[in-house]
Structures are given as C-alpha cells and as structure tokens.
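Reader: I am new to this, so could you take me through a structure and explain the words as we go?
Author: Gladly; please look at it first.

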Amino acid sequence: KNSVDFAQVRAQFPILEVVENGFPLVYLDSGATSQKPQRVIDAVTQYYREENANVHRGVYGLSERATEKYEGAREKVRTFLNAKSTKEIVFVRGTTEAINLVAHSWVSENLTEGDEVIVTEMEHHSNIVPWQLLRDKLGIRLTVLRMNQKGEICLNALKGLVSEKTKMVSVTHMSNALGTINPVKEMAEIAHSVGAKIMVDGAQATPHMSVDVQDLDCDFYAFSGHKMYGPTGIGVLYAKEALLEKMAPYQGGGDMIYSVSFDKTEYNVLPYKFEAGTPHISGAIGLAAAIDFLNEVGLDNLARHEHALLEYATEQLSQIDGLRIIGQAENKGGVISFVLDGVHPHDMATLMDQDGIAVRASHHCAMPVMQHFNVPATIRASFGAYNNFEDIDRLIASINDAKEMLL
Ligand code: PMP
C-alpha cells in the first residue's frame, strides 16, 4: 500500500487538463519527456519575473540572488545524487551533452589507438555515436556487450569482455526502449577490476529511482532535467572530482576562466571550468524545483506506483491476441514496448492519438535494439508520477479499437 495520494500528485500537472481530439489527454510518453508540475512552472516564472540577472558577475543584489539560486540548485543536485562535493556537479544541456563532454575531455585525452570503449546493445544513440566519432578519429575499438532475448545483459559476459585494453564502459542505467534496469554497481566493479572507468547514462533512471553515485561507485553519471519533471535544456554531468581536475575544458569562453591574456589563459576552478558562457539559470532553478517535487513524492513511493502500473499494463496487454511485448527483463522500470502482428506501429499510434492517447511509435533512438528484436519500430507506453490505472484501461481500449480498424 502506497502512503502517497497519487490523485493529488496528478492534480499538480495542469497540462493533463488538456483535451486532445475530444478526449482528456492520456499521456504515456514520459520516456521522451515528462510533463511539468505547477511548482516547476512557478519556479521558472518567478525567476524571470522577480530574480532574473546574470550569475557570478554582478555585485548588485539581484545578481547575487540569481547566483544564490543557481548555486542552490547545484547543491540540491549534489544531495539528489549523494555526490561528495558540488565541484562534481556540472550543469550541461542534457544527457547528450554530458556524454559528449566526457568523450571529448576524458576519452579523447586518455585513449590511444587499440584502446577500447565498451557499450551495451541497448544504448540510446547518444551513448553510441559520440564513441563512434572517436573510434573513427583515434582508431580506438568500440565493443558491444550483447543482450539476451529478454533484453538483459549478462555480467559474466562483461567479465569475459573486459581486458587491460578496456578504458571505458558506458552503459545506460535504464533502457528507454525496453525498460531494462542494468546492474550498474556490479558493472562498475567489473570495469574497475581492469582499471577502466564507467560512465552511466541516467536519463531514464533519475525520474524513477533513487541514485547514489558513491554507492554505485560510477566515475561519470549523466541525466536530463526534462525527463524528471524539470525544464528542457538543462542536465547534469556528475564526475569524480579527481577526474574533472585532470580533464581539459570542453568549451572555451566566459565564466570558465580565471584570467585571460593573449598569451595564456588560466582556467576557473571546478565545476566552472566546464561551464563556459552564461548558463541556463532558469533551467537549473526549475530542475531544483523538480527535485523538490520528487523528494516530496518520494522516489521509492514513485517506483512502487509505477511498478504497479507496469504489472497491470503487462497483464492487460498480454491478453491481446497477436501482441508481443518487447523487453521482458526481470528488473524493469515503467516502460512497456510492444508490437502487434500485421500492424505498423505508426499506423497504430496515429489511431490512438484520435482517442487522446499519447504513445510513441518509433525506434526510440535505439536502432540496434530494434535490429536485435527484428522489428522496425515498437509502440512504447512509458509511465510517470501522474499516470493511473484508468490511463492503462484507456490504452487497452484504444489498442483494441485500432486493431479492429486495421486488421
Ligand atoms: N539516454 C537515454 C536512455 C534516453 O532515453 C535519452 C532521451 N531519450 C537520452 C540518453 C538523451 O537525452 P537528451 O535528449 O535529453 O540529451
């Protein structure tokens, strides 16, 4: 039994009052981006109405207050991840930028020809392409840890794959296409046993479970604010301080310097060395409000709620003839991908939109996952704090209607 009243949680999301094609919106695409609670909208609005100024520069009160808010958001993120220090919290645009930052500033400086980066078969394109770009530039190897038919990776297979040539293992904490939750703590141990670093793509994990970067002992952890009830355009790279200290800047510009002359530039201290230019101040403030929201609901309560929805949806979907659920990992978050015999996912999702149901039909930026299961695309329903059992009932009814129309 959950102590949280999830009807109250849902009521905090004004967008859910929107009517789509004559029906109240059923939003089942939180894996792509989550909706925003009123407190996040208010925090951003209040910043622009009452607090807007550039940070770290002004001596006047308004700028000092904006700086306090921005740095307060960093401290909130530090607590959220249980990082040791705010020096380890770099604000970026999102997961994609965080991974690219690590690829440029750590991997490109520390790997040479013949060294290896390992990724899994279930990665989002943003955790594949940056390493491929480096592979082509540096002559490093990109090795793929395969998954089984349930959509799980095997720790023993990783043990067999790593060697002294392995310098980086980069893995998603939770798959956006399958919902699989990976054993990243054990993977970190395996990576470290050969002296490699581990980077964790937390884009899908931070909205659904509590993350403790010290307990996981990961070297790098990336996430996006917009998937965890915060604004778009803001995300975080966590990295161990000792690594960040040794890394070269990713971009040059204002704020990331201590002093500049035409002969020589001295870089700013951490984390500012990695935050060139005026940052996304309102984004960080909105992200802090999103963390307040998550803390108030409680990530454990949220995980329980979404798990109940997942179980119910799985049971209901399994009863539909010709429907196949893609991704049946033992440890799975609130994402359910499926295909229906003889029906193209896009046609299905288009009909479902007519019922006010927002689901995604695509390769989910994880084409290798589609190749593994030999499907062009899947329909994906992904859950958030605001979803309820009625949403699942409407999903099922809509699938049945669409099926009749298409088959
Ligand atoms: N990794 C995973 C697992 C994701 O689901 C996503 C977003 N779909 C990303 C990375 C990229 O995140 P963003 O587009 O916010 O940079």
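Author: Here we talk about the ligand and the empty space inside the protein. This is a predicted model, where local features need pLDDT of at least 70, side-chain atom pairs count only at pLDDT 80 or more, and totals for chains, interfaces and linings use all residues. Residues are numbered from 1 along each chain as its sequence is written, and side-chain values use heavy atoms, with hydrogens and water left out.

Reader: What makes Gln204 a polar contact of the ligand?
Author: A polar contact is a pair of N or O atoms within 3.5 Å. A side-chain N or O atom of Gln204 is 2.7 Å from an oxygen atom of the ligand, so the pair qualifies. For His226 the distance to a ligand oxygen is 2.8 Å, so that pair qualifies too.

Reader: Which residues surround the ligand?
Author: Among them are Thr95, Asp201, Gln204, His226 and Lys227. To be near, a residue needs a heavy atom within 4 Å of the molecule.

Reader: Why do Asp201 and Lys227 count as charged?
Author: Because Asp, Glu, Lys and Arg are charged by definition; Ala, Val, Leu, Ile, Met, Phe, Trp, Tyr, Cys and Pro are nonpolar, and the others, Gly among them, are polar. The shell around the ligand has one nonpolar, nine polar and two charged residues.

Reader: Which residues line the largest cavity?
Author: Its lining includes Ser30, Phe383 and Tyr386, as well as Gln204 and Lys227. By class, this lining has four nonpolar, six polar and one charged residue.

Definitions and conventions. Polar contact = N/O pair within 3.5 Å; in protein donor to acceptor, adjacent residues only side chain to side chain. 1 Å grid on protein atoms, 1.4 Å probe; cavity = no way out; pocket = protein on both sides within 12 Å on 5 of 7 lines; lining within 4 Å.
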